Amino acid sequence: AQVKTLSFLTYLLRAFADFMRSYQESIPKCVIQLLLTCPPEAAAIRKDILVATRHILATDFRVGFFSQVDVLLDENVLVGAGPTSLRTSHEALRPLACSTLADLVHHVRGELGIKHLSRVVHLFSCHIHDASLPLAIQITSVRLLLNLVEAIFHKNDVEARALLVRILHTLVFKFTTLKEQIPKLLVARDEAAAAKEADKTARSQQVTRDGAR
């Protein structure tokens, strides 16, 4: 019921933004509380919370999440922490969690201090090299790191320069792994195309045989 109410609130934020303005800070806090208290096995409910969060981030009410960056940078808060038996459901949530966090960081990047930026760079660098994540999420992670470059550059200190070098190393190393992966991906594509064509031929032959009877 709480999650359904949250989904309804996301509609109100769009349709009656002026009337909801006084709740700009409290709604994001309630969203965080829902993520923290959601049972780890309730993957469907957690997914609904993340979807609602993305809807809020698409409005001016995202400002309320700026103070919650520390909490949201913990992946366990987004996908839940639980026993190994729940790993499959957690992995299914990771793409949505990553894209939701990327949306938030994109909007808040100018407000982040060097410590937060360091955590963001580390987290999304890991996403870039995580083969279990869809290619679209890896691409989103690359774009986010590139969007952080200007914010980091303007910090103008030694740690900021180290972060820029870390981003460069991450991207260069990704090119190295792509060099190894692309031939495998091309082979897999060709095999899938051949299998599809063989299935199509088999179906056509079956139809021909059925028509001849």
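**Exercise 1. Find the helix that holds Tyr-11, then work out whether Tyr-11 is buried or exposed, or something in between.**

Step 1: Tyr-11 sits in helix H1, which covers residues 2–15. Helices here are DSSP runs (H or I, at least four residues; strands are E, at least two), numbered from the N terminus.

Step 2: A quick word on what you're looking at: this is a predicted model, where local features need pLDDT of at least 70 and side-chain atom pairs count only at pLDDT 80 or more, while totals for chains, interfaces and linings use all residues. Residues are numbered from 1 along each chain as its sequence is written, and side-chain values use heavy atoms, with hydrogens and water left out.

Step 3: Tyr-11 has a relative accessible area of 48%, so it counts as partly exposed. The cut-offs are under 20% for buried and over 50% for exposed, with partly exposed in between (1.4 Å probe, protein chains only).

Step 4: Tyr-11 also helps make a nonpolar surface patch of about 500 Å², together with Phe-8, Phe-16 and Phe-19. Patch residues have over 30% relative accessible area and no salt bridge; nonpolar side chains (Val, Leu, Ile, Met, Phe, Trp, Tyr) are joined within 5 Å, and like charges within 9 Å. The areas come from the Shrake-Rupley method with a 1.4 Å probe, and for residues only the protein chains shown count as cover.

**Exercise 2. Which residues have the most contacts inside the largest nonpolar core?**

Step 1: Get the term straight: a nonpolar core is a set of buried Ala, Val, Leu, Ile, Met, Phe, Trp, Tyr and Cys residues joined through side-chain atoms within 4.5 Å.

Step 2: The largest such core has 50 residues, and Leu-101 and Phe-124 have the most contacts inside it. Helix H7 (residues 87–108) gives the most to this core, eight residues in total.

Step 3: Now zoom in on Phe-124. Skipping residues up to four places away in sequence, Phe-124 touches Cys-98, Leu-101, Ala-102, Val-105, Ser-141, Leu-144 and Leu-145. Contact means heavy atoms within 4.5 Å.

**Exercise 3. How many disulfides are there, and what is the nearest cysteine sulfur to that of Cys-98?**

Step 1: A disulfide is a covalent bond between the sulfur atoms of two cysteines. The cut-off used here is a pair of cysteine sulfur atoms within 2.5 Å.

Step 2: Searching the whole structure turns up zero disulfides. For Cys-98, the nearest cysteine sulfur belongs to Cys-126, and it is 11 Å away.

Step 3: Check the surroundings of both. Cys-98 is buried, at 3% relative accessible area, whereas Cys-126 is partly exposed, at 41%.

**Exercise 4. Track down salt bridges that link distant parts of the chain.**

Step 1: The structure holds six salt bridges. Each one is a side-chain nitrogen of Lys or Arg within 4 Å of a carboxyl oxygen of Asp or Glu.

Step 2: Take Arg-54 and Asp-103, whose side chains meet at 2.7 Å, N to O. Arg-54 is in helix H4 (residues 43–57) and Asp-103 in helix H7, 49 residues apart. Arg-54 is partly exposed at 32%, and Asp-103 is partly exposed at 24%.

Step 3: Next up is Arg-119 with Asp-70, with the closest N and O atoms 3.0 Å apart. This pair ties helix H8 (residues 114–128) to helix H5 (residues 69–72), again 49 residues apart.

Step 4: Then there's Glu-159 with Lys-115, at 3.8 Å between the closest N and O atoms. Glu-159 belongs to helix H10 (residues 158–212) and Lys-115 to helix H8, 44 residues apart. Glu-159 is partly exposed at 34%, while Lys-115 is exposed at 59%.

Step 5: Don't miss the network of salt bridges that links Glu-75, Arg-94 and Asp-130.

**Exercise 5. Which residues are in contact with Thr-170 and with Leu-171, leaving aside neighbours within four places in sequence?**

Step 1: Thr-170 is found in helix H10, and Leu-171 lies in helix H10.

Step 2: Thr-170 is buried at 8% relative accessibility. Thr-170 is in contact with Ser-125, Ile-128, His-129 and Leu-145.

Step 3: Leu-171 is buried too, with a relative accessible area of 18%. Leu-171 is in contact with Ile-128, Val-142 and Leu-146.

Step 4: To finish, follow the chain from Leu-171 to Ala-194: they are 23 residues apart along it, and their C-alpha atoms are separated by 33 Å.
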